[in-house]
Amino acid sequence: MRIVQFVEAFGGGVYTYVKDLCNFLALAEPDSSFEVHLIYSPNRIEFDQEIFEQEIHPSIILHKLDMGREIDLKNDYTIIKQTRKKLKEINPDILHLHSSKSGVLARIASFGLIKRNKIFYSPHGYAFIQKNISQSKIYLYKIIEYVMPLLFGGTTIASGNTEYEIAKKISKTTLIRNGVDFELPQKLLKNIDKKRLTIGTIGRLTPQKNPKLFNDIAKLIPEADFIWIGNGELQYEIKSENITVTGWVKTRSDLLKKLNDIDIYIQVSLWEGLPIALIEAMAMRKPLVVSNIIGNKDCVEEGYNGYVFDTLEEAVKKIRIFQNQSLISEMGNHSYQKAFQEYNKKTNFLKLIEIYKSI
(Lines give C-alpha, C1' and ligand atoms only; values in the text may rest on other atoms or scores of the structure.)
Protein backbone atom coordinates (compact mmCIF):
# COMPACT_ATOMS: atom_id res chain seq x y z
CA MET A 1 0.00 0.00 0.00
CA ARG A 2 1.41 3.37 -1.04
CA ILE A 3 0.57 6.15 1.42
CA VAL A 4 1.28 9.84 0.89
CA GLN A 5 1.39 12.17 3.87
CA PHE A 6 1.16 15.81 2.70
CA VAL A 7 1.95 18.72 5.04
CA GLU A 8 2.62 22.45 4.71
CA ALA A 9 2.59 23.47 8.40
CA PHE A 10 5.68 21.39 9.19
CA GLY A 11 6.56 22.77 12.61
CA GLY A 12 5.59 22.43 16.26
CA GLY A 13 3.02 19.78 17.10
CA VAL A 14 2.13 19.11 13.45
CA TYR A 15 5.77 18.25 12.74
CA THR A 16 5.84 15.83 15.68
CA TYR A 17 2.56 14.17 14.71
CA VAL A 18 3.36 13.72 11.01
CA LYS A 19 6.94 12.60 11.64
CA ASP A 20 5.78 10.08 14.26
CA LEU A 21 3.01 8.79 11.98
CA CYS A 22 5.40 8.30 9.06
CA ASN A 23 7.87 6.45 11.28
CA PHE A 24 5.10 4.30 12.75
CA LEU A 25 3.92 3.31 9.26
CA ALA A 26 7.48 2.55 8.20
CA LEU A 27 7.95 0.24 11.20
CA ALA A 28 4.54 -1.47 10.93
CA GLU A 29 4.32 -5.25 10.98
CA PRO A 30 5.58 -7.02 7.82
CA ASP A 31 2.07 -8.11 6.82
CA SER A 32 1.07 -4.43 6.81
CA SER A 33 3.98 -3.25 4.69
CA PHE A 34 3.58 0.30 3.46
CA GLU A 35 5.46 2.44 1.00
CA VAL A 36 5.41 5.82 2.73
CA HIS A 37 5.88 9.11 0.92
CA LEU A 38 6.08 12.47 2.69
CA ILE A 39 5.47 15.67 0.74
CA TYR A 40 6.44 18.57 2.98
CA SER A 41 7.49 22.21 3.11
CA PRO A 42 10.66 23.22 5.01
CA ASN A 43 9.59 26.86 5.35
CA ARG A 44 8.41 27.04 8.97
CA ILE A 45 10.92 28.95 11.10
CA GLU A 46 11.20 26.24 13.75
CA PHE A 47 11.86 23.46 11.21
CA ASP A 48 15.41 22.07 11.35
CA GLN A 49 16.31 20.02 8.25
CA GLU A 50 19.33 18.38 9.89
CA ILE A 51 17.35 17.21 12.94
CA PHE A 52 14.49 16.09 10.69
CA GLU A 53 16.78 13.89 8.61
CA GLN A 54 18.05 12.28 11.81
CA GLU A 55 14.54 11.67 13.16
CA ILE A 56 12.74 10.41 10.04
CA HIS A 57 12.98 6.71 9.11
CA PRO A 58 15.35 6.15 6.15
CA SER A 59 12.78 4.11 4.22
CA ILE A 60 10.39 7.07 3.94
CA ILE A 61 10.52 8.72 0.51
CA LEU A 62 10.78 12.49 0.90
CA HIS A 63 9.49 15.14 -1.50
CA LYS A 64 10.25 18.78 -0.65
CA LEU A 65 8.01 21.57 -1.98
CA ASP A 66 8.44 25.31 -1.44
CA MET A 67 5.00 26.00 0.06
CA GLY A 68 4.02 29.25 1.78
CA ARG A 69 1.74 29.70 4.77
CA GLU A 70 -0.32 32.59 3.40
CA ILE A 71 -2.63 32.52 0.38
CA ASP A 72 -0.57 33.35 -2.72
CA LEU A 73 -2.45 32.47 -5.90
CA LYS A 74 0.64 32.36 -8.14
CA ASN A 75 2.74 30.22 -5.81
CA ASP A 76 -0.22 28.07 -4.77
CA TYR A 77 -1.02 27.32 -8.42
CA THR A 78 2.60 26.25 -8.95
CA ILE A 79 2.43 23.97 -5.89
CA ILE A 80 -0.81 22.40 -7.14
CA LYS A 81 0.84 21.58 -10.49
CA GLN A 82 3.95 20.17 -8.81
CA THR A 83 1.86 18.12 -6.39
CA ARG A 84 -0.31 16.74 -9.17
CA LYS A 85 2.80 15.64 -11.06
CA LYS A 86 4.17 13.88 -7.97
CA LEU A 87 0.85 12.17 -7.26
CA LYS A 88 0.74 10.86 -10.84
CA GLU A 89 4.24 9.42 -10.37
CA ILE A 90 3.49 7.87 -6.96
CA ASN A 91 -0.07 6.67 -7.72
CA PRO A 92 -0.94 6.43 -4.00
CA ASP A 93 -3.58 4.20 -2.44
CA ILE A 94 -4.05 6.69 0.42
CA LEU A 95 -3.57 10.47 0.56
CA HIS A 96 -3.53 12.01 4.05
CA LEU A 97 -3.44 15.81 4.31
CA HIS A 98 -2.31 17.77 7.38
CA SER A 99 -3.32 21.38 8.15
CA SER A 100 -5.76 23.69 6.37
CA LYS A 101 -3.46 24.83 3.57
CA SER A 102 -2.58 21.26 2.64
CA GLY A 103 -6.25 20.33 2.78
CA VAL A 104 -6.92 22.76 -0.06
CA LEU A 105 -3.85 22.45 -2.29
CA ALA A 106 -3.53 18.66 -2.30
CA ARG A 107 -7.25 18.00 -2.72
CA ILE A 108 -7.33 20.20 -5.81
CA ALA A 109 -4.15 18.55 -7.11
CA SER A 110 -5.57 15.06 -6.57
CA PHE A 111 -8.83 15.67 -8.46
CA GLY A 112 -9.47 12.78 -10.86
CA LEU A 113 -6.34 10.92 -9.69
CA ILE A 114 -7.39 9.57 -6.31
CA LYS A 115 -10.82 8.35 -5.27
CA ARG A 116 -12.70 10.61 -2.86
CA ASN A 117 -12.90 7.93 -0.16
CA LYS A 118 -9.12 7.45 -0.18
CA ILE A 119 -8.41 11.00 0.94
CA PHE A 120 -8.03 11.86 4.63
CA TYR A 121 -7.68 15.29 6.19
CA SER A 122 -6.34 16.25 9.63
CA PRO A 123 -6.98 19.97 10.31
CA HIS A 124 -4.79 20.12 13.45
CA GLY A 125 -6.85 23.16 14.41
CA TYR A 126 -9.15 24.70 11.80
CA ALA A 127 -7.91 28.00 10.34
CA PHE A 128 -11.24 29.68 11.13
CA ILE A 129 -10.77 29.28 14.90
CA GLN A 130 -7.88 31.77 14.89
CA LYS A 131 -8.44 34.79 17.13
CA ASN A 132 -6.08 37.22 15.40
CA ILE A 133 -7.75 37.45 11.99
CA SER A 134 -10.63 39.52 10.62
CA GLN A 135 -14.24 38.35 10.48
CA SER A 136 -14.05 38.34 6.68
CA LYS A 137 -11.12 35.90 6.81
CA ILE A 138 -12.92 33.70 9.32
CA TYR A 139 -15.92 33.62 6.98
CA LEU A 140 -13.69 32.82 3.98
CA TYR A 141 -11.91 30.01 5.80
CA LYS A 142 -15.23 28.50 6.91
CA ILE A 143 -16.54 28.53 3.32
CA ILE A 144 -13.36 26.81 2.13
CA GLU A 145 -13.64 24.09 4.79
CA TYR A 146 -17.24 23.37 3.83
CA VAL A 147 -16.67 23.48 0.07
CA MET A 148 -13.55 21.28 -0.11
CA PRO A 149 -15.18 18.00 1.00
CA LEU A 150 -18.25 18.70 -1.16
CA LEU A 151 -16.15 19.11 -4.30
CA PHE A 152 -13.23 16.78 -3.64
CA GLY A 153 -14.33 14.36 -0.89
CA GLY A 154 -12.23 13.10 1.97
CA THR A 155 -12.75 11.93 5.54
CA THR A 156 -11.71 14.28 8.33
CA ILE A 157 -9.57 12.77 11.08
CA ALA A 158 -10.32 14.85 14.20
CA SER A 159 -7.48 15.07 16.71
CA GLY A 160 -9.61 15.64 19.81
CA ASN A 161 -13.15 15.63 21.17
CA THR A 162 -13.97 19.29 20.56
CA GLU A 163 -12.50 19.30 17.06
CA TYR A 164 -14.59 16.20 16.35
CA GLU A 165 -17.80 18.02 17.34
CA ILE A 166 -16.96 20.80 14.89
CA ALA A 167 -15.69 18.55 12.09
CA LYS A 168 -18.70 16.22 11.93
CA LYS A 169 -20.89 19.24 11.08
CA ILE A 170 -18.67 19.92 8.05
CA SER A 171 -17.92 16.52 6.54
CA LYS A 172 -17.63 12.81 7.16
CA THR A 173 -15.44 12.56 10.27
CA THR A 174 -13.67 10.01 12.46
CA LEU A 175 -12.18 10.71 15.89
CA ILE A 176 -8.59 9.51 16.27
CA ARG A 177 -6.88 11.50 18.97
CA ASN A 178 -3.31 12.75 18.85
CA GLY A 179 -0.86 10.63 20.78
CA VAL A 180 2.67 10.29 22.10
CA ASP A 181 5.03 7.48 23.06
CA PHE A 182 5.27 6.77 26.80
CA GLU A 183 8.52 4.80 26.97
CA LEU A 184 10.96 7.73 26.91
CA PRO A 185 9.02 9.85 29.45
CA GLN A 186 9.14 6.99 31.92
CA LYS A 187 12.91 6.70 31.51
CA LEU A 188 13.55 10.42 31.96
CA LEU A 189 11.16 11.12 34.85
CA LYS A 190 13.06 12.07 38.01
CA ASN A 191 12.11 13.67 41.32
CA ILE A 192 13.67 17.09 41.89
CA ASP A 193 13.63 18.88 45.24
CA LYS A 194 13.02 22.59 44.76
CA LYS A 195 12.19 25.39 47.18
CA ARG A 196 10.13 27.36 44.66
CA LEU A 197 7.17 26.26 42.57
CA THR A 198 8.02 26.06 38.85
CA ILE A 199 5.38 26.60 36.15
CA GLY A 200 6.21 26.01 32.51
CA THR A 201 4.93 25.91 28.95
CA ILE A 202 6.15 24.94 25.47
CA GLY A 203 5.56 26.84 22.25
CA ARG A 204 6.43 29.55 19.78
CA LEU A 205 6.27 33.10 21.14
CA THR A 206 3.50 34.07 18.71
CA PRO A 207 0.02 35.64 19.03
CA GLN A 208 -1.56 32.15 19.11
CA LYS A 209 0.39 31.16 22.23
CA ASN A 210 -0.50 34.41 24.05
CA PRO A 211 2.82 35.22 25.78
CA LYS A 212 1.45 38.48 27.23
CA LEU A 213 -1.01 36.54 29.39
CA PHE A 214 1.78 34.19 30.48
CA ASN A 215 3.82 37.24 31.50
CA ASP A 216 0.89 38.79 33.38
CA ILE A 217 0.32 35.56 35.33
CA ALA A 218 3.99 35.37 36.27
CA LYS A 219 3.98 38.97 37.55
CA LEU A 220 1.08 38.14 39.88
CA ILE A 221 2.87 35.07 41.31
CA PRO A 222 6.37 36.44 42.09
CA GLU A 223 7.08 33.63 44.58
CA ALA A 224 7.15 31.07 41.73
CA ASP A 225 9.51 30.49 38.79
CA PHE A 226 8.16 30.40 35.23
CA ILE A 227 9.77 28.75 32.20
CA TRP A 228 8.88 29.27 28.51
CA ILE A 229 10.39 26.47 26.41
CA GLY A 230 10.78 27.98 22.93
CA ASN A 231 11.20 31.40 21.39
CA GLY A 232 9.69 33.60 18.70
CA GLU A 233 8.89 37.07 17.47
CA LEU A 234 6.96 38.10 20.60
CA GLN A 235 9.79 37.44 23.04
CA TYR A 236 9.75 41.15 23.89
CA GLU A 237 6.42 40.56 25.67
CA ILE A 238 8.20 38.40 28.25
CA LYS A 239 9.31 40.99 30.82
CA SER A 240 8.65 39.53 34.27
CA GLU A 241 11.89 38.83 36.15
CA ASN A 242 10.76 35.38 37.29
CA ILE A 243 10.44 34.04 33.70
CA THR A 244 13.21 32.13 31.90
CA VAL A 245 12.96 31.72 28.10
CA THR A 246 15.02 28.68 27.14
CA GLY A 247 14.96 28.96 23.36
CA TRP A 248 14.23 25.94 21.21
CA VAL A 249 15.41 22.50 22.26
CA LYS A 250 16.36 20.28 19.36
CA THR A 251 15.32 16.78 20.45
CA ARG A 252 12.38 15.19 22.22
CA SER A 253 14.72 13.90 24.90
CA ASP A 254 15.90 17.43 25.68
CA LEU A 255 12.32 18.68 25.67
CA LEU A 256 11.19 16.04 28.16
CA LYS A 257 14.14 16.83 30.42
CA LYS A 258 12.98 20.47 30.47
CA LEU A 259 9.45 19.32 31.29
CA ASN A 260 10.80 17.24 34.15
CA ASP A 261 12.06 20.44 35.79
CA ILE A 262 8.58 21.98 36.12
CA ASP A 263 5.83 21.28 38.66
CA ILE A 264 2.77 22.55 36.75
CA TYR A 265 2.22 22.78 33.00
CA ILE A 266 0.32 25.87 31.87
CA GLN A 267 -1.11 26.50 28.40
CA VAL A 268 -2.47 30.00 27.77
CA SER A 269 -3.14 29.73 24.00
CA LEU A 270 -5.89 31.65 22.22
CA TRP A 271 -6.60 28.71 19.88
CA GLU A 272 -5.35 25.15 19.34
CA GLY A 273 -6.09 21.86 17.62
CA LEU A 274 -4.95 19.35 20.22
CA PRO A 275 -1.46 20.34 21.42
CA ILE A 276 1.15 17.57 21.37
CA ALA A 277 3.10 19.59 23.96
CA LEU A 278 0.19 19.29 26.37
CA ILE A 279 0.12 15.51 25.96
CA GLU A 280 3.90 15.34 26.45
CA ALA A 281 3.43 17.19 29.76
CA MET A 282 0.77 14.67 30.77
CA ALA A 283 3.13 11.83 29.89
CA MET A 284 5.66 13.48 32.23
CA ARG A 285 3.03 13.43 35.01
CA LYS A 286 2.36 17.15 35.19
CA PRO A 287 -0.93 18.66 36.40
CA LEU A 288 -2.43 21.13 33.92
CA VAL A 289 -3.74 24.69 34.11
CA VAL A 290 -5.05 25.66 30.67
CA SER A 291 -7.08 28.30 28.87
CA ASN A 292 -10.64 27.28 28.08
CA ILE A 293 -10.33 26.65 24.33
CA ILE A 294 -10.61 23.80 21.82
CA GLY A 295 -7.88 21.23 22.38
CA ASN A 296 -6.68 22.48 25.76
CA LYS A 297 -9.92 21.66 27.55
CA ASP A 298 -10.03 18.19 25.97
CA CYS A 299 -6.99 17.22 28.06
CA VAL A 300 -8.36 18.34 31.43
CA GLU A 301 -10.85 16.77 33.80
CA GLU A 302 -11.53 19.61 36.22
CA GLY A 303 -10.13 18.86 39.67
CA TYR A 304 -8.80 15.46 38.54
CA ASN A 305 -5.67 16.27 36.55
CA GLY A 306 -5.84 20.06 36.48
CA TYR A 307 -7.98 23.12 35.87
CA VAL A 308 -9.38 25.23 33.03
CA PHE A 309 -9.50 29.03 33.26
CA ASP A 310 -11.18 31.90 31.40
CA THR A 311 -9.51 34.97 32.92
CA LEU A 312 -6.17 36.12 34.28
CA GLU A 313 -7.53 36.19 37.81
CA GLU A 314 -8.94 32.70 37.48
CA ALA A 315 -5.60 31.37 36.18
CA VAL A 316 -3.76 32.79 39.17
CA LYS A 317 -6.37 31.37 41.55
CA LYS A 318 -6.11 27.89 40.00
CA ILE A 319 -2.31 27.89 40.19
CA ARG A 320 -2.42 28.88 43.86
CA ILE A 321 -4.47 25.74 44.60
CA PHE A 322 -1.23 23.78 44.25
CA GLN A 323 0.12 24.55 47.71
CA ASN A 324 1.77 21.20 48.40
CA GLN A 325 3.73 18.56 46.54
CA SER A 326 1.24 15.78 47.35
CA LEU A 327 -1.51 17.48 45.30
CA ILE A 328 0.90 18.13 42.43
CA SER A 329 1.95 14.48 42.50
CA GLU A 330 -1.64 13.19 42.72
CA MET A 331 -2.92 15.28 39.81
CA GLY A 332 0.24 14.60 37.83
CA ASN A 333 -0.36 10.86 38.12
CA HIS A 334 -3.93 11.41 36.97
CA SER A 335 -2.58 13.30 33.94
CA TYR A 336 -0.43 10.31 33.06
CA GLN A 337 -3.34 7.88 33.42
CA LYS A 338 -5.63 10.00 31.25
CA ALA A 339 -2.95 10.46 28.59
CA PHE A 340 -2.08 6.75 28.50
CA GLN A 341 -5.74 5.79 28.06
CA GLU A 342 -6.73 8.45 25.51
CA TYR A 343 -3.55 9.77 23.85
CA ASN A 344 -1.43 6.66 23.36
CA LYS A 345 0.35 6.93 20.04
CA LYS A 346 0.55 3.20 19.40
CA THR A 347 -3.14 2.57 20.08
CA ASN A 348 -4.34 5.56 18.06
CA PHE A 349 -2.03 5.03 15.08
CA LEU A 350 -3.15 1.40 14.87
CA LYS A 351 -6.75 2.64 14.65
CA LEU A 352 -5.73 4.91 11.78
CA ILE A 353 -4.01 2.04 9.97
CA GLU A 354 -7.17 -0.03 10.24
CA ILE A 355 -9.09 2.81 8.58
CA TYR A 356 -6.50 3.02 5.80
CA LYS A 357 -6.77 -0.73 5.21
CA SER A 358 -10.56 -0.78 5.26
CA ILE A 359 -10.89 1.46 2.18
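The following exercises, each with a worked solution, concern a predicted model.

**Exercise 1. The seven-stranded sheet**

Determine the strand order of the open sheet of seven strands, its pairing sense and its edge strands.

Solution.
1. The order of the seven strands is E3-E2-E1-E4-E5-E6-E7, and the pairing is parallel.
2. Strand E3 (61-64) and strand E7 (173-175) are the edge strands, since each pairs on one side only.
3. On average, neighbouring strands of this sheet are turned by 20 degrees against each other, direction ignored.
4. Helix H13 packs on this sheet and touches strand E1 (2-7), E4, E5, strand E6 (155-158) and E7. The direction of H13 makes about 135 degrees with that of E4.

**Exercise 2. The environment of strand E4**

Identify the bridge partners of E4 and establish whether its residues are buried or exposed.

Solution.
1. E1 and E4 run parallel and are joined by five bridges. In this pairing, Ile 3 stands opposite Ile 94 of E4.
2. Strand E4 (residues 94-98) also pairs with strand E5 (residues 119-122), in the parallel sense, over four bridges.
3. Towards E5, His 96 stands opposite Phe 120, and His 98 stands opposite Ser 122.
4. Ile 94, His 96 and His 98 point one way from E4, whereas Leu 95 and Leu 97 point the other way.
5. The criterion for burial is a relative accessible area under 20%. Five of the five residues of E4 are buried, so E4 is largely enclosed by the rest of the structure.

**Exercise 3. The packing of H3 against H4**

Classify the crossing of helix H3 (residues 73-90) and helix H4 (residues 100-109), and list the residues that make the contact.

Solution.
1. Two packed helices are described by the angle between their axes and the distance between the axes.
2. The axes of H3 and H4 come within 8 Å and cross at roughly 55 degrees.
3. This angle makes H3 oblique to H4.
4. The crossing of H3 and H4 is right-handed.
5. H3 contributes Asp 76, Ile 79, Ile 80, Thr 83, Arg 84 and Leu 87 to the contact, and H4 contributes Lys 101, Leu 105, Ala 106, Ile 108 and Ala 109.

**Exercise 4. Positive phi values in two loops**

Compare Asn 91 and His 124 with respect to phi, location and accessibility.

Solution.
1. Most residues other than glycine have a negative phi.
2. Asn 91 has a phi near 55 degrees, a positive value in a residue other than glycine. His 124 likewise has a positive phi, near 55 degrees.
3. Asn 91 is located in the loop between H3 and E4, while His 124 lies in the loop between E5 and H5.
4. With a relative accessible area of 45%, Asn 91 is partly exposed. His 124, at 16% relative accessibility, counts as buried.

**Exercise 5. The contacts of Ile 129**

Locate Ile 129, state whether it is buried or exposed, and name the residues it touches beyond four places away in sequence.

Solution.
1. Ile 129 is found in the loop between E5 and helix H5 (135-152).
2. The relative accessible area of Ile 129 is 13%, so the residue is buried.
3. Not counting residues up to four places away in sequence, Ile 129 touches Trp 271, Glu 272 and Ile 294.
4. Ile 129 and Ile 294 are 165 residues apart along the chain, and their C-alpha atoms are separated by 8.8 Å.

**Exercise 6. The six-stranded sheet and its helices**

Describe the open sheet of six strands and the packing of H8 and H11 on it.

Solution.
1. The strand order is E10-E9-E8-E11-E12-E13, with parallel pairing.
2. Strand E10 (243-247) and E13 each have a single partner strand, so one side of each is left without a neighbour in the sheet.
3. Strand E11 (residues 264-267) and E12 run parallel and are joined by three bridges; the bridge partner of Gln 267 in E12 is Val 290.
4. Helix H11 (residues 312-320) packs on the sheet through E8, E11, E12 and E13, with its direction at about 170 degrees to that of E13.
5. Helix H8 (residues 211-220) lies across strand E8 (198-202), strand E9 (225-229), E10, E11 and E13, and runs at about 165 degrees to E9.

**Exercise 7. The span of H12**

Check the end-to-end distance of helix H12 (residues 325-342) against its expected span, and state what covers its buried residues.

Solution.
1. At 1.5 Å a residue, the 18 residues of H12 should span 26 Å.
2. The end C-alpha atoms of H12 are 26 Å apart, which agrees.
3. The buried residues of H12 include Leu 327, Ile 328, Met 331 and Tyr 336.
4. Among the elements covering the buried residues of H12 are helix H7 (183-188), helix H10 (276-283) and helix H13 (345-358).

Conventions
Residues numbered from 1 in each chain as written. Predicted model: local features only at pLDDT ≥ 70, side-chain atom pairs only at ≥ 80, totals over all residues. Heavy atoms only, no water. Helix = DSSP H or I, 4+ residues; strand = E, 2+ residues; numbered from the N terminus. Expected span 1.5 Å × (residues − 1). Buried < 20%, exposed > 50% of the residue type's maximum accessible area, 1.4 Å probe, protein only. Contact = heavy atoms within 4.5 Å. Pairing = 2+ DSSP bridges. Axes fitted to C-alpha atoms, helices over the stretch in contact; angles between N-to-C directions. Parallel < 35°, antiparallel > 145°, perpendicular 65-115°, else oblique. Left-handed = near helix turned anticlockwise from the far one by under 90°.
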